[in-house]
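Visitor: I would be grateful for a close look at a single part of this model, namely a sheet and the helices that lie across it.

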Amino acid sequence: MLSIQNLRAKVDNKPILNGINLNINQGEVHAIMGPNGSGKSTLASILAGRDDYEVTDGEVIYMGQNLLELEPEERAWAGIFLSFQYPVEIPGVKNIYLLKAAVNAIREHRGVPELKAGEFLKLVREKLNVMQMDEAFLHRNVNEGFSGGEKKRNEILQMQLLEPTLALLDETDSGLDVDALRIVGEGINRMRSPERSVLLVTHYQRLLDIVKPDFVHVLANGEIKLSGDHTLAEKLEREGYEGIEAA
Amino acid sequence: MSGFSAWLNDIEGISAQQALKAGLPTKRVESWKYVPTRSLNRTGWRPATPQATERFALTGGRFANIPEVSGLEVTDEKLTPEEKKRLTGMSEAHGFGLTQAALDHSQLILTVQETASVRINLDHLANEASSAGFATLVLRLEAGAQLTFIEQFEATVVEKSNLSSLRCVITLSRDASVKHVRFQKANATAHIFSNIEVSCGENASYRLQTIEFGAKLARNDINIALAGREASASVNGLAITKGSQYHDTHLTIDHVVGDTKSEMTFRNMVDGKGEATINGRVLIRQDSQRSGTEQSIANLLLSESARVNPKPELEIYADDVTASHGCTVGSLNKMELFYLKSRGLSEADARAFLQYAFAEKIIGEIQHQDIRELVETQLLGELQHGDLIEELKESVDV
């Protein structure tokens, strides 16, 4: 589904990614771990189409398309979803406006009919229930005044509604207390399916206790230094990143 | 002889002579330095003629259908010396003020009686091509009176330059309150001048919401004096400027005495070759202790050739004061755009969302639902892809 070959990128002339190679097949959950500043979030942002980075080499093929040539909205239409590390506050726009506009934009590009108001409300209520969120969230401005945990829940709520083919989850576990972590983790698990792939970026193992990845990769200095199964995450939790960074 | 000069030349009187001598303000006058006065000078103006209407309206410089409402009195008496002084103050500010004083067609004095609560709607009808109308409205509020004053501008298409100017003198006695809403969506050839002079007595409150969409050139001069203790004023403004429009608001709030509060929030959104000026001045005098003011000015530029001239001015001479102010100029936020696009919104839809959000911060504050909805509809009609938001509002707002 996703093939990243020798991806190199820099920001303000500073190299961040130094040749990433990664293949993700349909239905797989991959976790990318690594110390702060290793390039984890940059990788997720580049895949979603944020243009603050300059890709200097390499290519990314997503479902047969050259991903790097697509605009962020075209990537969303093609089934890519990024759960932001820092979800953006948009004062003046109600959450429900964004949710409905997003759902229908993506449905339109998938060639399925738009949801009518009643159908949409039924769907969104069902997903709110999964995320244990109050309906009042719909009528608040997008992420404005939300706590850290509420913002992350709102991201996963959007993911549930948009049903991506490839979900990129950037530090979705940061800023969550134990209960919120469980709700978010279970929300992600519900989305696992043979057709859907997930790339989880995280610093800690704790989310991976709930969402068991098929593969774990360790990113340091913009390169994947080590790959393994979920036991690698446990090893990192015990031993830290120091040995890997030096390698 | 062109512009207003020919007209002024036909009028006898000291102010006409003074106005002729002074001419229109030029770019050398600080408060007029951005105003494109060329079209004012080029047009051969003649007096506008009133049109028939069934509503309370300003047409051709005259008031039609003066409202007959309980608690509201039409006063025949003369202006008080204080009102006269405030009108003269306006006139002497610049040549345009003198011109306005000389050409004034009519003067209406309305009094809201003690503790009465009244709503009046004034419609500004478009003046015909090459014609200009000037008028003065005096509003007096007796103690404890409440007035909701809503001004709306008609958008009739007029092929050539036209002009309408209203001076408004509002005096609030103790405990009186005014909610003043202006929704300016005049035609694209209009020159709209609005001069609002407010004086608030003890514990009186004046709240203005002013929304500018229309006109080729719109200039607001708003001066508010907080002259009694516990008086307060709040001004909320939005100008949507595009094409080759010019919108200008000069606003002064004067804390004449202590224990007074003011708030000023203004947003400009400028597209195309539009230009907007906002001058927001707050004066807290030396003896006006325990006063507070909050000022926030935000400017959004949507095109390379859009221009904005923001000037926040805080002059504080008292020491026991709370004051906050902020002024920003920028384009649409890149991260916000990326966030919306990453959710599948097209570039145009994402831009519409953010422009709507910027304007909504002011529009959402309008308490009168009928007016708020009119303004929102106008905004969404003007935004490219505003129809998406209109559909969303209809489908999910219950």
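Guide: The following account treats the sheet of chain B, its helices and then the contact with chain A.

This is a predicted model, in which local features need pLDDT of at least 70 and side-chain atom pairs count only at pLDDT 80 or more, while totals for chains, interfaces and linings use all residues. Residues are numbered from 1 along each chain as its sequence is written, and chains are lettered from A in the order in which they are written.

The open sheet has ten strands in the order β3-β2-β6-β8-β10-β12-β14-β16-β18-β20 (chain B), with mixed pairing; strands are DSSP runs (E, at least two residues), helices likewise (H or I, at least four), and two strands pair if DSSP finds at least two bridges between them. At the edges stand β3 (62-64) and β20 (321-330) of chain B, each pairing on one side only. Neighbouring strands are turned by 10 degrees against each other on average, direction ignored. Within the sheet, β6 (117-124) and β8 (146-153) of chain B pair in the parallel sense over eight bridges, and Asn121(B) stands opposite Ile150(B) in β8(B).

Helix α8 (369-382) of chain B lies across β8, β10, β12 and β14 of chain B, at about 25 degrees to β10(B); angles run from 0 to 180 degrees between N-to-C directions, with axes fitted to C-alpha atoms. Helix α7(B) lies across β14, β16 and β18 of chain B, at about 155 degrees to β16(B).

As for the neighbouring chain, 23 residues of chain B are in contact (C-beta atoms, placed from the backbone, within 7 Å) with 25 residues of chain A. The largest share of this side of chain B, eight residues, comes from α7(B).

Conventions: Contact = placed C-beta atoms within 7 Å.
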